[in-house]
Amino acid sequence: MNYLFRTNRVYILLLAALTSCGTTTTIDEFRQGETSLSTEDSVVLLGRRGDSNISADFVECVGNRLASSESAIAIVPEQEFVDAMYPWFEPLNAPQKASQLDGLLNERAVSEKMAELDVRYMIWLSGETERVGSNGTLTCALSPGGAGCFGGGYREYSAEYEARVWDVESRSLVGSLNADGAGTTYVAAVVVPIILPARVEPITCDRLAAQLESFLVGSQ
Amino acid sequence: MTSVRVYQQLATLTLGLLLAACGASTVNVQGQYPVPNVNKLPLTLGVYYDDSLRNYSYIEYSETGAAEYEVNIGQTHLDFFSTVLPGLFENVVVLESAEATSVDEVDAVFIPLIEDFQLALPQKTKLDAYEAWIKYNMRLESKEGEHIADWVVTSYGRTPVGGLRSIGSAINDAGALAMRDLGRSIIDFSNVPEIKSWLERRFNMQIADPIERNPSTGVPGQEPVF
């Protein structure tokens, strides 16, 4: 019984290693100002839509990682913030530069809502994960005698994301981080298909969130 | 005789099913519209929804000229204005007629009208998004029926291709996002030059200049073609 448990554990670890080893990520950080977060402060992550196809899932992923990080950063969910601030943060109406926060926060209703939500940092995320290449063939057949697949192939994915951090208090850009990821998903089948997914997007999300956490709390 | 009747009924049913299959898919646009986070204007606004707004429907045709999608956006406009206007004005009264000038309690009558609607489907544009544009003519009249202002606004909604949702659902999302985008123009109500001078003249209000916002639509290369 113990032997079986140990064997299964080895397989799970091996599979986990194989699925993540196909992905590489690079993070670049550019800091322009000091950052500090008190326990009352919260952070909002917003997807820059219009000129990028960033998915709500990626924005939520980074937010969840920051919330569950060691620093337990308080995150205001994107949709909750956008609805509470309506229509100031709609895709075509949202400020493009940190300096535009000045005028926006002069609107009493906006500054009151921002204070109510305790938003200290606003992080604008842009970018996307794309399939950049693929090759191979996989054929599957179904017959009264059974079913099976034969063949193999791969798909290459590339992720490019940028996070720009605005300090709501000083109404300025305090830094930006770039996260690039690349990976290949392999599929091989001899009767039963085996898929080794690249998991480019979740891994890039993890790394970007870890770097953002250190960026926000690191210079205290 | 009975079998002939059965055959007739079956033929009618089959024809009906075939016609239904050939018809356009209907999309009744629905969305979530929040209350605007702005300082209210101390006015009582009468609002009149013309039948052309209430029943506005757009038909998207295929390249062969067949009706593909019927997009109904009338009801969602009523939902939008009934949420957004009370967030912008102290009081809002829905009028049964544009000539309801006997309604003494209103300061002005607002009449929103849709001038045009456009849809861009990725199957035709080869872009990776569903897009919707709505062009409006907004009108404001005094309670005596005198013209105060007519101004044109456009709104835009875009939703990327992806996921397992249907085309109808993606059209709905693009339409609902265009509706949300309308909020951007509605909050600038008091900065329409004719309205600004009317408010200053009639109510001695000092209207602040609009907040500096994005100079363009923010969507490079994707201007509406009305």
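This passage describes the sheets and helices of chains A and B in a predicted model.

Chain A contains 6 helices and 6 strands. Along the sequence, these elements follow the pattern α-β-β-α-β-α-α-α-β-β-β-α. The chain has 220 residues, and buried residues make up 33% of them. Contacts in chain A with a separation of 6 or more were also examined. Of these, 73% link residues 24 or more positions apart.

Strands of a sheet pair through backbone hydrogen bonds, and the pairing is either parallel or antiparallel. In chain A, 6 strands build an open sheet with mixed pairing. Their order across the sheet is β1-β6-β5-β4-β2-β3. The edges are formed by β1 (23–31) and β3 (74–76) of chain A, each of which pairs on one side only. Neighbouring strands of this sheet are turned against each other by 20° on average, direction ignored.

Within the chain A sheet, β5 (residues 146–167) and β6 (residues 172–196) run antiparallel. They are joined by 19 bridges. A:Ala159 stands opposite A:Gly181, a residue of β6(A).

Helices lie across the strands of chain A. Helix α2 (residues 56–67) of chain A crosses β2 (42–47), β3 and β4 (119–143) of that chain. Its direction is at about 160° to β2(A). Helix α6 (residues 200–218) of chain A lies across β1, β2, β4, β5 and β6 of chain A. This helix runs at about 155° to β6(A).

Chain B also has an open sheet, here with 5 strands. The strand order is β5-β2-β6-β7-β8 (chain B), and the pairing is mixed. β5 (89–95) and β8 (147–160) of chain B are the edge strands, each pairing on one side only. From one strand to the next, the twist averages 30°.

At one edge of the chain B sheet, β5(B) pairs with β2 (residues 41–48) of chain B. The two strands are parallel, and their pairing spans 6 bridges. B:Tyr48 stands opposite B:Leu95 in β5(B).

Helices also lie across strands in chain B. Helix α3 (residues 74–88) of chain B covers the parallel pair β2 and β5, together with β6 (108–120) of chain B. The helix runs at about 140° to β5(B). Helix α6 (residues 193–203) of chain B lies across β7 (129–142) and the edge strand β8 of chain B. Helix α6 of chain B runs at about 130° to β8(B).

Notes. Residues are numbered from 1 along each chain as its sequence is written. Chains are lettered from A and ligands numbered from 1 in the order in which they are written. This is a predicted model: local features need pLDDT of at least 70, side-chain atom pairs count only at pLDDT 80 or more; totals for chains, interfaces and linings use all residues. Two strands pair if DSSP finds at least two bridges between them. Helices (H or I, at least four residues) and strands (E, at least two) are DSSP runs, numbered from the N terminus. Axes are lines fitted to C-alpha atoms, for helices over the stretch in contact, and angles run from 0 to 180 degrees between N-to-C directions. Two residues are in contact if their C-beta atoms, placed from the backbone, lie within 7 Å. A residue is buried if 20 or more other C-beta atoms lie within 10 Å of its own, exposed if 12 or fewer, and partly exposed in between; C-beta atoms are placed from the backbone.
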